[in-house]
Amino acid sequence: MNKYKQTSLGETYISNDGRTVKVEMSTDNRGDTLITFGSSYTLRMDTEDLETLVEMMQAAFEGHKQQAIDEHNKEAQPT
């Protein structure tokens, strides 16, 4: 059996309600992705769950983009 190996994919900081939380992401050689939020919570998921999460986040992102476009177009309409 291979020795456990974890590879860091980077980190970022996310602000929410006046707090800033460090978010780190890594993968391991068992096929899992780990997302760590600050020092209090780590989410570990397999590739299937990761794909589902990515799809959900992409849908939220696309929804926000469309909302911004709709609001811009509404403001650009002559009254």
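**Exercise 1. The pocket lining.** Determine which strands each supply at least two residues of the lining of the largest pocket, and describe that lining by residue class.

*Solution.* Strand 1, strand 2 and strand 3 each contribute at least two residues to the lining of the largest pocket, where strands (E, at least two residues) and helices (H or I, at least four) are DSSP runs numbered from the N terminus. The model is a predicted one, in which local features need pLDDT of at least 70 and side-chain atom pairs count only at pLDDT 80 or more, while totals for chains, interfaces and linings use all residues. Residues are numbered from 1 along each chain as its sequence is written, and side-chain values use heavy atoms, with hydrogens and water left out.

The next step is the volume, which is about 320 Å³ for the largest pocket. Of the 14 residues that line this pocket, Thr 12, Ile 14, Val 23, Ile 35 and Phe 37 are the closest to its centre. A pocket here is an open set of points on a 1 Å grid over the protein atoms alone, where a 1.4 Å probe fits and protein lies on both sides within 12 Å along at least five of seven lines, and lining residues have an atom within 4 Å of a point. Grid points are joined across faces, edges and corners, and the volume is the space filled by probe spheres set on the points.

Sorting the lining by class gives 7 nonpolar, 3 polar and 4 charged residues; Ala, Val, Leu, Ile, Met, Phe, Trp, Tyr, Cys and Pro count as nonpolar, Asp, Glu, Lys and Arg as charged, and the others, Gly among them, as polar.

**Exercise 2. Salt bridges between strands.** State how many salt bridges the structure holds, and work out which parts of the chain are tied together by Glu 11 and Lys 22.

*Solution.* The structure holds 4 salt bridges, each being a side-chain nitrogen of Lys or Arg within 4 Å of a carboxyl oxygen of Asp or Glu. In one of them Glu 11 pairs with Lys 22, with the closest N and O atoms 3.5 Å apart. Because Glu 11 lies in strand 1 (residues 6-16) and Lys 22 in strand 2 (residues 19-28), the pair ties together parts that are 11 residues apart in sequence. Glu 11 is partly exposed at 46% relative accessibility, and Lys 22 is also partly exposed, at 29%; buried means under 20% relative accessible area, exposed over 50%, and partly exposed in between (1.4 Å probe, protein chains only).

**Exercise 3. A salt-bridge network.** Identify the residues linked with Arg 44 in a network of salt bridges, and establish whether Asp 28 is buried or exposed.

*Solution.* The network links Asp 28, Asp 32 and Arg 44. Asp 32 forms a salt bridge with Arg 44, the closest N and O atoms being 3.7 Å apart. This pair links distant parts of the chain, since Asp 32 is in strand 3 (residues 32-37) and Arg 44 in strand 4 (residues 41-46), 12 residues apart. Asp 32 is buried at 18% relative accessibility, whereas Arg 44 is partly exposed at 45%.

Turning to Asp 28, this residue lies in strand 2 and is buried, at 10% relative accessibility. The side chain of Asp 28 makes a polar contact of 3.0 Å with the side chain of Arg 44, and also reaches the backbone nitrogen of Arg 30 at 2.9 Å. A polar contact is a pair of N or O atoms within 3.5 Å, of which, within protein, one must be able to donate a hydrogen and the other to accept it; residues adjacent in sequence count only if both atoms are side-chain atoms.

**Exercise 4. Helix 1.** Test the end-to-end span of helix 1 against its expected value, and find the residue that caps its N-terminal end.

*Solution.* The expected span is 1.5 Å times one less than the number of residues, so the 30 residues of helix 1 (residues 47-76) should span 44 Å, and the end C-alpha atoms are 43 Å apart, which agrees. The N-terminal cap is Asp 46, a side-chain oxygen of which lies 3.2 Å from the backbone nitrogen of Glu 48. Within helix 1, Glu 62 and Lys 65 lie 3 residues apart, about one turn of the helix, and they form a salt bridge with closest N and O atoms 3.4 Å apart.
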